[in-house]
Amino acid sequence: MSKEITGAQALMRALEAQGVQHMFGIPGGAILPAYDPLIESSIHHVLARHEQGAAHAADGYAQASGKVGVCMATSGPGATNLVTGLASSYMDSVPVVAVTGQVPRWLIGSDGFQETDATGITVPVTKHNWLVMDPGDIAQTIAEAFHIASTGRPGPVLVDIPKDVLQAKFPYHDASPVDLPGYQPKTKPNVRQIKEAARLILEAERPVIYAGGGIIAAGAGPTLQKLAELTGIHVVTTLMARGALPDDHPMCLGMPGMHGNYTAVTSMQRADLLIALGTRFDDRVTGKLPAFATQAKVIHADIDPAEIGKNRRADVPIVGDARLVIEELISALQAEFGKGATGDYGAWTRQLDEWRSRFPYRFTQPDDGMLKPQFVISRISDITGGNGIYVAGVGQHQMWASQFIRFQRPRTWINSGGLGAMGFGVPASMGAKVAMPDDEVWCIDGDGCFQMTCQELATMAVEKIPVKIGIMNNAHLGMVRQWQELFYTERYSQVEFGWDIPDYVKLAEAYGCVGLRCESPDEVDAVIEKARGVDDRPVVIDFRCDPRENCYPMVAAGTSNDDIILGPEFETDHETHGDTLYSQDPPEEDS
Amino acid sequence: MKHTVSILVENKPGVLMRVSSLFSRRGYNIHSLAVGTTEVPDVSRMTVVVDLPDKPLEHVTKQLHKLINVLKVIELEPTASVVRELMLIKVHAEPQTRSQVFELAEVFRANIVDVTTDSVTAEVSGPPEKIAAFEDLVRSYGIIELVKTGRIALGRGERGIKDRQLRAAV
Ligand SMILES: Cc1ncc(C[n+]2csc(CCOP(=O)(O)OP(=O)(O)O)c2C)c(N)n1
């Protein structure tokens, strides 16, 4: 077993040993040695056009499949270009392993050509990182990297390897079992806390399950559904948990938060018990924190103890894996039901149903008017039956996609939720399609986002990765335009792009993709069908949408969820229950 | 509010940076920080005094635990621990005032470690209040420069932070 091989060969062997089938990256000086044994490797390397694209692709790959996404880049600019992607994966707890080349050991610290302190730069945006100074450590480090990325609260890690370490020959040994004394994630929940949670659930009159991305990460979707059905408690699915419970399920209230629907937002505000599972009370969900769910007791279960009590005090803190927590809760509740105990949420359910019927998401698509992005997205959802994988950029289109796509299963909604990184969509959809080639992958993008990373069209055309990219082209940085309209007295500053530059159809064609354009509602179905018929290359559709369309409902940043703004579609609805349609107060903080 | 936290870490390159980066990006104010090796090879101990005006210390300890190289974190309560600091302080002391400085040093059990024609350097150690008192008293002579180690502390009694978990680890 002690045949001499190079550090680079050891790296490839270690990645293969982890079951890596795909990786995304771009070569360069310091990582060059690793690209040589790659030729013989079983790993399929997708040559991205920008390292940010490689990092987002690894993220999309991981979100779609649940496997660890892998990206690789050279030192210096290669490593810094990965940073946005890693930061997004970090905020969304996505397991990614990034491998970067570093200048040779003897140059480290000398401001050598293309030297940047990759581990230093990425400390705040990775779960952990390593600078490997000995070729004998490569295999073990890669094993640890995959272990840390994929267990506990998942997240990105970075392994930085100096060029001469990759080149050095040494007697190779397989990694030994990973043993990290400082890393022992706790997955099994405490029995006493589970009992206490069950007691609160039976006592509650207005409970709501607040399901976050942890449900998806833990593969707890079906278990969550069991809990909802067993108890009759409704579920809100946050931006990171869309699809955790199917949108067509009667217990699913949909998305809460800044652009969530009225019922999801208000159910939490009025609840007397929040059962928070795999979620972190993000400010985009809670609105103004002191005014959030003021009457609710909180059961907070998360695999990361640091999230519990960080933003909101928990009455019952539970540290554990979401699936195990829910399974334990179900048995505890079943035991109680066996003894004759029951929860009674009848009046609350009627209230929720009433809100749902009165305050759904609303938009109006005039027959002969401009395209409404909500209409386009609804059609994509209906025509694909919600059975595809849907990836978004960041902005209005992202919120509309989350609102209007009827998700049917976990891991079919992929976005940059926590970081909100424009440019995520195109490369992440590439990663998702590579991971799940049999699924139909749709990227709902904005014209602004698209232009940040559309170079990956070349990658996908060459690699024959047939994703469908629908650009909701509103000729603006729409979300920013909306804020300027609402909060800066319609003083528009640096938000207009125009429809025509670039010509998205020609741009798509130049990249070897199919380019389509759609300008009126009666063409929408046909153009979607046409895109679905293409399976040998990406399709880009330029949906020319109404630039003045705003995204509602909206809780302005820094305001209370009670001040949810329903928007103009509800202006003539005189039966509203007294909550304000328009908030009077200016927002306190910015987007 | 100030807390004294003892952190056992794996003695690996970059660990100090990871810990201090965590404190700064989370907005936790470090008052002092002292690092050194321990009785266990490959394990270092950091003693951090952190100033938290509006957060429970638990927020900090939970975040610290997330660092892979952190093995153990313990708050050292003032009543249940021994806290010490060491200061080297150089003060003006002309021949006519020198003996006064010497006297003060004696009262504080400080060692005089360097003397020149018009300065005296004293080494004083003890609880932080004692150090502060000495500093106050010699201020009138004129402090030329001083340096402090930052606080170090250990829990009182038999209990150590090197418990079973750590033994298994090393
Ligand atoms: C990298 C990056 N830069 C800036 C922003 C701020 N930002 C948030 S949404 C948005 C507008 C996005 O425009 P577009 O992609 O056209 O989507 P739309 O809102 O019009 O649907 C901007 C600039 C961001 N989130 N990410």
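This is a guided tour of a predicted model, going from chain B to the cores of chain A and then to single residues worth selecting.

**Chain B as a whole**

Begin by showing chain B alone, where five helices and nine strands can be picked out, and where, as you follow the sequence, these elements come in the order β-α-β-β-α-β-β-α-β-β-α-β-β-α. The C-alpha trace of this chain spans about 60 × 35 × 30 Å along its principal axes. If you colour its 170 residues by burial, 43% of them count as buried, and if you switch on a surface, chain B exposes about 9300 Å², of which carbon and sulfur atoms supply 52%. Next, colour the charged side chains: there are 23 positive and 21 negative ones in chain B, and the centres of the two sets lie 9 Å apart. Among the contacts in this chain between residues at least 6 apart in sequence, 74% join residues at least 24 apart.

**The nonpolar cores**

Now turn to chain A and select A:Ile201, A:Ile215, A:Leu224, A:Leu274, A:Leu277 and A:Ile299, which touch the most other members of the largest nonpolar core, a set of 65 residues. Add helix α13 of chain A, residues 322-338, which gives the most to this core, with seven residues. Apart from this core lies another one, of 50 residues, which includes A:Ala62, A:Ala98, A:Leu457 and A:Ala461. In soluble globular proteins, nonpolar side chains tend to be buried together.

Return to A:Leu274 and show what surrounds it: beyond its neighbours within four places in sequence, A:Leu274 is in contact with A:Val208, A:Met268, A:Phe281, A:Phe292, A:Ala293, A:Ala296, A:Lys297, A:Val298 and A:Ile299.

**Helix α11 of chain A**

Select residues 262-270 of chain A, which form helix α11; eight of its nine residues are buried, so this helix is largely enclosed by the rest of the structure. The buried residues run from A:Tyr262 and A:Thr263 through A:Ala264, A:Val265, A:Thr266 and A:Ser267 to A:Met268 and A:Gln269. To see what they pack against, show β9 (207-211), β10 (235-237), β11 (252-254), β12 (273-277), α12 (283-286) and α14 (346-358) of chain A. At the N-terminal end of the helix, look for A:Asn261, which caps it with a side-chain oxygen 3.0 Å from the backbone nitrogen of A:Thr263.

**Three buried residues**

Go next to A:His300, which has its place in strand β13 (residues 297-302) of chain A. Is this histidine, A:His300, buried or exposed? A:His300 counts as buried, because its relative accessibility is 0%, and, neighbours within four places in sequence aside, its contacts include A:Ala276, A:Phe281, A:Glu307, A:Val316 and A:Ile318.

A:Leu180 is the next stop, in the loop between β8 (169-171) and α8 (191-203) of chain A. This leucine is buried, with a relative accessible area of 10%, and, leaving aside neighbours within four places in sequence, A:Leu180 is in contact with A:Glu144, A:His147 and A:Ile148. Draw a line from its C-alpha to that of A:Arg242, which is 62 residues apart from it in sequence, and the distance is 33 Å.

Then select A:Ala432 in helix α17 (residues 425-435) of chain A, a buried residue with a relative accessible area of 0%. Here the C-alpha atoms of A:Ala432 and A:Gly60 are separated by 4.8 Å, although these residues are 372 apart along the chain. A:Gly60 is among the contacts of A:Ala432, as are A:Tyr61, A:Ala64, A:Ile389, A:Val391, A:Ile414 and A:Val441.

**Backbone details to finish**

Most residues other than glycine have a negative phi, and most peptide bonds are trans. With that in mind, select A:Ile501 and A:Pro502, which are joined by a cis peptide bond with omega about 0 degrees; A:Pro502 is in the loop between α20 (478-487) and α21 (504-510) of chain A. Another cis peptide bond joins A:Tyr552 and A:Pro553, with omega about -5 degrees, and A:Pro553 is found in the segment after β20 (539-544) of chain A.

For positive phi values, look at A:Arg411, where phi is near 65 degrees, in the loop between α16 (396-404) and β16 (413-414) of chain A; its relative accessibility is 22%, and A:Arg411 counts as partly exposed. The tour ends at A:Thr489, in the loop between α20 and α21 of chain A, where phi is near 45 degrees and the residue counts as exposed at 64% relative accessibility.

How values were computed: Residues numbered from 1 in each chain as written. Chains lettered and ligands numbered in written order. Predicted model: local features only at pLDDT ≥ 70, side-chain atom pairs only at ≥ 80, totals over all residues. Heavy atoms only, no water. Core = buried A, V, L, I, M, F, W, Y, C linked by side-chain atoms within 4.5 Å. Buried < 20%, exposed > 50% of the residue type's maximum accessible area, 1.4 Å probe, protein only. Helix = DSSP H or I, 4+ residues; strand = E, 2+ residues; numbered from the N terminus. Contact = heavy atoms within 4.5 Å. Areas by Shrake-Rupley, 256 points an atom, 1.4 Å probe, with all protein chains shown as cover. Lys, Arg positive; Asp, Glu negative; His and termini not counted. Charge placed at Lys NZ, Arg CZ, Asp CG, Glu CD. Polar contact = N/O pair within 3.5 Å; in protein donor to acceptor, adjacent residues only side chain to side chain.
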